[in-house]
Every structure is written in C-alpha cells, then in structure tokens.
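Grab a pencil and have a look at the model below. A few short exercises follow, each with its solution worked out in steps.

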Amino acid sequence: MRHSRKSMLAAGLGLGLAATLASVAPAASAAPTPVGTAASYAAYERSQENDAATKAFFQAVRASVAEQRAANPGALAVTVTYNTRSAPSFRSQISRSTQIWNSSVSNVKLQEVSSGGNFSYREGNDSRGSYASTDGHGRGYIFLDYRQNQQYDSTRVTAHETGHVLGLPDHYSGPCSELMSGGGPGTSCTNPNPNSAERSRVNQLWANGLVASGLGAKG
C-alpha cells in the first residue's frame, strides 16, 4: 500500500504507505509523492494532484458500472466486478478484503470474475508502492507492491486500495481505526476494516443502486 490514491478506472492512486503517487489522466504517468513522514502524507492529501486523481479514478469506475446499470436499472445494490489473474500471490488478501467490504456495506458489492471485470488486481515491484490506476483504455487496476506488502499489513493495504474503488479518498492524518489513513499511522497499524464513517460514506455514494453525483468532502 503506499498511501493510496484514488482513481479507479481513469487515474492513479496509491495506498501510499511507503510513498504515494497519483496519475491524473488516462495514460498519464504517475508522479512520485511523499516519503513516509506524517508531514509529507498530510501535504499530499491536501494537494490538487491527489484530489484530481481520486475523482478521476472513481468516475472511471462509475462509468464502467453504468453500463451494467443500464441493463438492470431497478437493482438496489450495484455489483462491481474484478479479476485477480495478474495477482496470484495476493489472492487470499484480496478475498479477505472483499469479505470485509461486502460485510461492511449494503449498497454496493464486490464480486470476482475469471476475466475482465470493472477493474483488476496486479502485482510486482514498484518504488512508488501500491496504488490504484488506469490503463488509459477504460479499465482500472490496483497494483500491489511486494516490498510494501512486506512492510505493512497486506490485508490493510489491499482493503485500503479497494476503498478507492468504492469512492473513498485518502486521509493520512487519520488514526489507525480509519482504513483510509493508509500508511499514516505507521507499520504497526494492522487494521483492515473501514470505520463507521467510511462505511456510511460508501453506502451514501452508492445509495439506491445509483452512484452519487460527486465525491463530497475528504475525510
């Protein structure tokens, strides 16, 4: 996890534990961000770069899901699909993250598919850490960095990045009890669960099977 960035299908966000990065537009290269200090994380969280990446990522996911909604407009819950073909080493963490989110919110559900999907998970080595990004072709992905997942609790990293898929921004200055605080609380923080405010926000964003028109305020 780095510290996260949010941009599901159209930009890049990183959990930002070790370092954070964000790419704002499709095909745009991600810019390196904070080193692991509370001050650097806080500065990045307030930056226009992070704000733009967060909105772009979530808007991309919404666009992808909208195609599904057209076929079944009356559904009260939205299903967001993903595949793990490119992240075999993290299947257990991804499965746990999905269980956590599906048991935490009611208006949107995550579901694994064998290929395709609204987004995918990938794994590898990246000095920027873990992040959410897009491939520039209308598909988003979550990249899980090996080293960062050894330094930080891997399930927390995965759940944090997945939080971006569901519309939550980074809040590095938050406590360990807040999932979207990412790497802000340090490597000793192992909490993989969203708090009540985060759960409520996700349900609000996906209320009645429809995605809210805006991301709202951070935090």
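These exercises go from the whole chain to one disulfide and then to one helix.

This is a predicted model, where local features need pLDDT of at least 70, side-chain atom pairs count only at pLDDT 80 or more, and totals for chains, interfaces and linings use all residues. Residues are numbered from 1 along each chain as its sequence is written, and side-chain values use heavy atoms, with hydrogens and water left out.

**Exercise 1.** Work out how many helices and strands the chain has, and what share of its residues is buried.

Step one: count the secondary structure, where helices (H or I, at least four residues) and strands (E, at least two) are DSSP runs numbered from the N terminus. You get six helices and ten strands.

Step two: check burial, with buried meaning under 20% relative accessible area, exposed over 50%, and partly exposed in between (1.4 Å probe, protein chains only). Of the 219 residues, 55% count as buried.

**Exercise 2.** Find the disulfide and say which parts of the chain it ties together.

Step one: look for a pair of cysteine sulfur atoms within 2.5 Å, which is what counts as a disulfide here. There is one in the structure: C176 pairs with C189, and their sulfur atoms sit 2.1 Å apart.

Step two: place the two cysteines. Both C176 and C189 lie in the loop between α5 (154-165) and α6 (196-205), so the link ties together parts that are 13 residues apart in sequence.

Step three: get its handedness. The link of C176 and C189 is right-handed, with 90 degrees about the S-S bond.

**Exercise 3.** Are C176 and C189 buried or exposed, and which residues does C176 touch?

Step one: compare the relative accessible areas. C176 is partly exposed at 28%, while C189 is buried at 3%.

Step two: list the contacts of C176 (heavy atoms within 4.5 Å). Setting aside neighbours within four places in sequence, C176 is in contact with R156, S181, P185, C189, T190 and N191.

**Exercise 4.** Describe the length and burial of α5.

Step one: take the span. α5 has twelve residues and reaches 17 Å from its first C-alpha to its last, close to the expected 16 Å; that expectation is 1.5 Å times one less than the number of residues.

Step two: check each residue. Twelve of the twelve residues of α5 are buried, so this helix is largely enclosed by the rest of the structure. Among them is R156, which also turned up as a contact of C176.

Step three: look just past the end of α5. There, G167 takes a positive phi of about 110 degrees.
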